[in-house]
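Please read the following report with the sequence and the coordinates open side by side. It moves from charged pairs to strands, a covered helix, backbone geometry and surface charge.

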Amino acid sequence: MTASAEKFTRQTLLDVTPLTPSLFTLRTTRDPGFRFQAGQFARLGVTKADGSVVWRAYSMVSSPYDEFLEFFSIVVPDGEFTSELSRLREGDTLLVDRQAFGYLTLDRFVDGRDLWLLSTGTGVAPFLSILQDFEVWEKFERIVLVYSAREAKELAYQALIAGLAERDYLAEHAHKLLYLPTVTREQHPGALTGRITQLIDSGELEQAAGLEISPEHSRVMICGNPQMIDDTRALLKRRELRLSLSRKPGQVAVENYW
Ligand code: FAD
């Protein structure tokens, strides 16, 4: 098969940065023909020693305007894909499907005043892409990024998040963002303590944000651990916030990572 007829392109790793023994970030070249909306994911492929290729979904961290692609990855012990991915180094090849996928995008919501971005672990990735794109800053009056990890050292991209306010193109909107990290297994200064579900249930999250979650004003995106997503959806449903479907717009959009 000729390269142009293949469903994927071959990209080169520009950078691999370990964050903890089980978390790392990677940056690759980007095919000029690869287009995506902030919040979408790519299908990445790695070639195993026996020559077979394993594919997995990965949300873009980078914005649609960046010339590179950036991803944030877990290392699953003995995971078929991540065992291979975590071995790759600068200059190695990563396969990227030509098409981007996914519906965790701002066009899921037709209206809304406050955007809540709720994430666990690597589930923060699509929200970092959304926050680096201009649209969200124009569309919403308040943006609350909630990022949950077990320990503070697992909170990635802290400099990127803190630096959003300094970007020229966001400066006049920077006051809209409230960042609420939360850690579940320790107390950490500057972070809330506990799971996102507990913090919603107890009212602590809204108190920390100084905002109420309501069907009228709130739009909620949830990404990461499927159990967290199910439990959060159940809590939000009690408050009349429902999944947004193309035939019936609602207040909630989700992406399960497994
Ligand atoms: P698998 O056999 O695929 O998974 C084994 C087990 O590991 C899973 O059952 C689950 O318990 C656990 N697991 C898998 N992924 C994660 C994770 N991200 N965090 C914690 N535990 C996990 N993963 C990323 O690291 N970054 C991303 O940006 C990302 N985006 C995704 C987007 C979508 C739409 C989907 C469906 C998944 C995404 N994933 C992401 C998960 C990713 O596709 C793989 O599951 C992951 O790379 C592990 O692959 P594996 O073959 O090593 O293990």
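Arg239 is partly exposed in this predicted model, with a relative accessible area of 27%, and its side chain forms a salt bridge with Glu206 in which the closest N and O atoms are 2.8 Å apart. Glu206 belongs to helix H6 (residues 204-209), whereas Arg239 sits in the loop between helix H7 (226-238) and strand E12 (252-256), so the contact ties together parts that are 33 residues apart in sequence. Glu206 itself has a relative accessibility of 12% and therefore counts as buried.

The pair of Glu206 and Arg239 can be set beside other charged contacts, since a search of the whole structure finds 12 salt bridges. As general background, side chains of opposite charge can pair when their charged atoms come close. The table lists some of these pairs with the N to O distance of each.

| Acidic residue | Basic residue | Closest N to O distance |
|---|---|---|
| Asp114 | Arg113 | 2.9 Å |
| Glu151 | Lys153 | 2.9 Å |
| Glu206 | Arg239 | 2.8 Å |

The partners in these pairs can also be described by their accessibility. Asp114 is buried, with a relative accessible area of 0%, while Arg113, with which Asp114 shares a salt bridge, counts as partly exposed at 28% relative accessibility. In the pair formed by Glu151 and Lys153, Glu151 is partly exposed, with a relative accessible area of 25%, and Lys153 is exposed, with a relative accessible area of 54%. Elsewhere, Lys48, Arg56 and Glu80 are linked in a network of salt bridges.

Helix H7 also holds Asp230, which counts as partly exposed because its relative accessibility is 45%. Computed along the chain in residues, Asp230 is separated from Val61 by 169 positions, and the C-alpha to C-alpha separation of Asp230 and Val61 in space is 23 Å.

The next topic is strand pairing. Which strand is largely enclosed by the rest of the structure? Strand E6 (residues 93-97) is, because 4 of its 5 residues are buried. Strand E1 (residues 8-20) runs antiparallel to E6 and is joined to E6 by 5 bridges; within this pairing, Gln11 stands opposite Leu94, and Phe8 stands opposite Asp97. Strand E3 (residues 41-47) also pairs with E6 in the antiparallel sense, over 2 bridges, and here Gly45 stands opposite Leu95. In a regular strand the side chains alternate between the two faces of the sheet.

E1 has a further antiparallel pairing with strand E2 (residues 23-29), which extends over 6 bridges. One of the positions that can be located in this pairing is Val16, whose bridge partner in E2 is Leu26. The connection from E1 to E2 is a hairpin through 2 residues.

Burial is also found in a helix. Helix H2 (residues 125-132) is mostly covered, with 8 of its 8 residues buried. The buried residues of H2 include the nonpolar Phe127, Leu128, Ile130 and Leu131, and also Ser129 and Gln132.

Two residues stand out for their backbone geometry. Asp78 has a positive phi of about 60 degrees although it is not a glycine, and a positive phi of about 60 degrees is likewise found at Tyr157, again not a glycine. Asp78 is located in the loop between strand E5 (68-74) and helix H1 (80-85), while Tyr157 is located in the loop between strand E8 (142-149) and H4. Are these loop residues buried or exposed? Asp78 counts as exposed, because its relative accessibility is 78%, whereas Tyr157 is buried, with a relative accessible area of 13%.

The last topic is surface charge. Which residues form a negative surface patch? The patch is made up of Asp107, Glu135, Glu138 and Glu172. Glu172 can be placed in the loop between helix H4 (158-163) and strand E9 (177-183), and with a relative accessibility of 63% Glu172 counts as exposed.

Key. Residues are numbered from 1 along each chain as its sequence is written. This is a predicted model: local features need pLDDT of at least 70, side-chain atom pairs count only at pLDDT 80 or more; totals for chains, interfaces and linings use all residues. Side-chain values use heavy atoms; hydrogens and water are left out. Patches are made of residues with over 30% relative accessible area and no salt bridge: like charges are joined within 9 Å, nonpolar side chains (Val, Leu, Ile, Met, Phe, Trp, Tyr) within 5 Å. Accessible areas come from the Shrake-Rupley method with a 1.4 Å probe; for residues, only the protein chains shown count as cover. A salt bridge is a side-chain nitrogen of Lys or Arg within 4 Å of a carboxyl oxygen of Asp or Glu. Lys and Arg count as positive and Asp and Glu as negative; His and the chain ends are not counted. The place of a charge is taken as NZ of Lys, CZ of Arg, CG of Asp or CD of Glu. Buried means under 20% relative accessible area, exposed over 50%, partly exposed in between (1.4 Å probe, protein chains only). Two strands pair if DSSP finds at least two bridges between them.
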